[in-house]
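Work through the exercises below with the structure open. Each task is followed by a solution in steps.

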Amino acid sequence: MNRKILGLAGLLAVGLTAGLTVAMTSAPAAAQTATPLPAVSDLLAERVLGDPKAPVTIYDYSSMTCPHCADFHANVLPKIKEAYIDTGKVKLVFRDFPFDQAALRASMLAHCAPVERYFPLTDVLFKSQAQWSRASDPAKALAQYGKLAGMSQEIIDACFASQPLADGILNSRMVGQNQYKVEATPTFILNDGKDRVEGAQSFEVFAKAIDKLLK
């Protein structure tokens with residue numbers, strides 16, 4: 001089944017947000033005091049796949065540890081990219097919706113990568129989800145993928161230590177929940193709510209929704 005959320009009250013009750021916040025304090029103290037990272041506003045800037053002027057926008061609300069999200073990125077998104085994104089009809093904006101600490105760290109790592117490597121790294125993280133998400137130390141496992149994307153250990157440590165970055169990603173999750181009533185991942189919001197696709201759906205389902213908006 002799809003990954004579902006409990007709502008703000010439920011999240012606070014189980015301490016998820018608190019747990020994610022506290023987890024950031026375990027990073028090296030040196031990374032907390034002197035960071036080699038770009039400004040947080042740059043790290044949190046939306047990553048867009050496709051022509052920014054495309055007539056259809058898809059907001060992809062996904063958790064990096066969600067199996068259905070990984071399936072979409074591996075099997076459905078390539079078809080959407082070929083038919084609609086590469087042809088200038090659609091742009092996809094990835095919006096983080098982490099459910100757990102491992103997902104949050106994976107999202108942070110992707111945002112700390114060079115902008116041109118954001119989507120390639122996200123793709124790799126989804127394809128290797130079963131490996132790093134089930135590792136005894138997910139952060140250590142994720143760091144290896146960060147290095148493959150050209151990030152130094154210093155940048156990775158600073159990335160995982162950045163509370164403003166973590167807060168920004170968690171805030172994006174809350175915006176999705178409050179503004180678009182996202183209750184499960186993956187959830188796809190088309191053209192600011194004119195249509196939506198929820199859960200593990202086929203390319204044909206997306207094509208039908210997209211074609212309706214292109215008319």
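**Exercise 1.** In this predicted model, find the ring that lies under the charged end of Arg105.

Solution. Start at Arg105 and look for the ring beneath its charged end: the ring belongs to Phe160. The distance from the charged end to the centre of that ring is 5.1 Å. A charge counts as sitting over a ring only within 6 Å of the ring centre, and 5.1 Å satisfies that part of the test.

**Exercise 2.** Classify the aromatic pair of Tyr59 and Tyr180 by its geometry, and place both residues in the chain.

Solution. Step one: the ring centres are 6.1 Å apart, and the planes make an angle of 45°. Step two: planes under 30 degrees apart count as stacked and those over 60 as edge-to-face, so an angle in between is tilted. The pair of Tyr59 and Tyr180 is therefore tilted. Step three: Tyr59 belongs to strand 3 (residues 56-62) and Tyr180 to helix 11 (residues 163-180), so that the pair links parts of the chain 121 residues apart. Step four: buried means under 20% relative accessible area. Tyr59, at 15%, is buried, and Tyr180, at 7%, is buried too.

Step five: look around the pair. Tyr59 and Tyr180 belong to one aromatic cluster with Tyr61, Phe97 and Phe99. Arg95 lies over the face of Tyr59, 3.6 Å from the ring centre.

**Exercise 3.** Describe how helix 5 and helix 12 meet.

Solution. Step one: the axes of helix 5 (residues 67-85) and helix 12 (residues 203-214) come within 10 Å and cross at roughly 35°. Step two: the crossing is right-handed. Step three: list the contact residues. Helix 5 contributes Phe72, Val76, Lys79, Ile80, Ala83 and Tyr84, while helix 12 contributes Phe203, Phe206, Ala207, Ile210, Asp211 and Leu214. Step four: sort them by class, which gives 10 nonpolar, no polar and two charged residues.

**Exercise 4.** Identify the peptide bond that is cis between Thr185 and its partner, and locate the partner.

Solution. The cis bond joins Thr185 to Pro186, with omega about -5°. Pro186 is found in the loop between strand 5 (184-185) and strand 6 (187-190).

**Exercise 5.** Decide whether Asn191 is buried or exposed, and do the same for Asp192.

Solution. Both residues lie in the loop between strand 6 and strand 7. Asn191 has a positive phi of about 45° although it is not a glycine; phi of Asp192 is near 60°, also positive. With a relative accessible area of 16%, Asn191 is buried. Asp192, at 52%, is exposed.

Methods
Residues numbered from 1 in each chain as written. Predicted model: local features only at pLDDT ≥ 70, side-chain atom pairs only at ≥ 80, totals over all residues. Heavy atoms only, no water. Phe/Tyr/Trp six-rings, centres within 6.5 Å; stacked < 30°, edge-to-face > 60°. Helix = DSSP H or I, 4+ residues; strand = E, 2+ residues; numbered from the N terminus. Buried < 20%, exposed > 50% of the residue type's maximum accessible area, 1.4 Å probe, protein only. Lys NZ or Arg CZ within 6 Å of the ring centre and 35° of its normal. Axes fitted to C-alpha atoms, helices over the stretch in contact; angles between N-to-C directions. Left-handed = near helix turned anticlockwise from the far one by under 90°. Contact = heavy atoms within 4.5 Å. Nonpolar A, V, L, I, M, F, W, Y, C, P; charged D, E, K, R; others polar.
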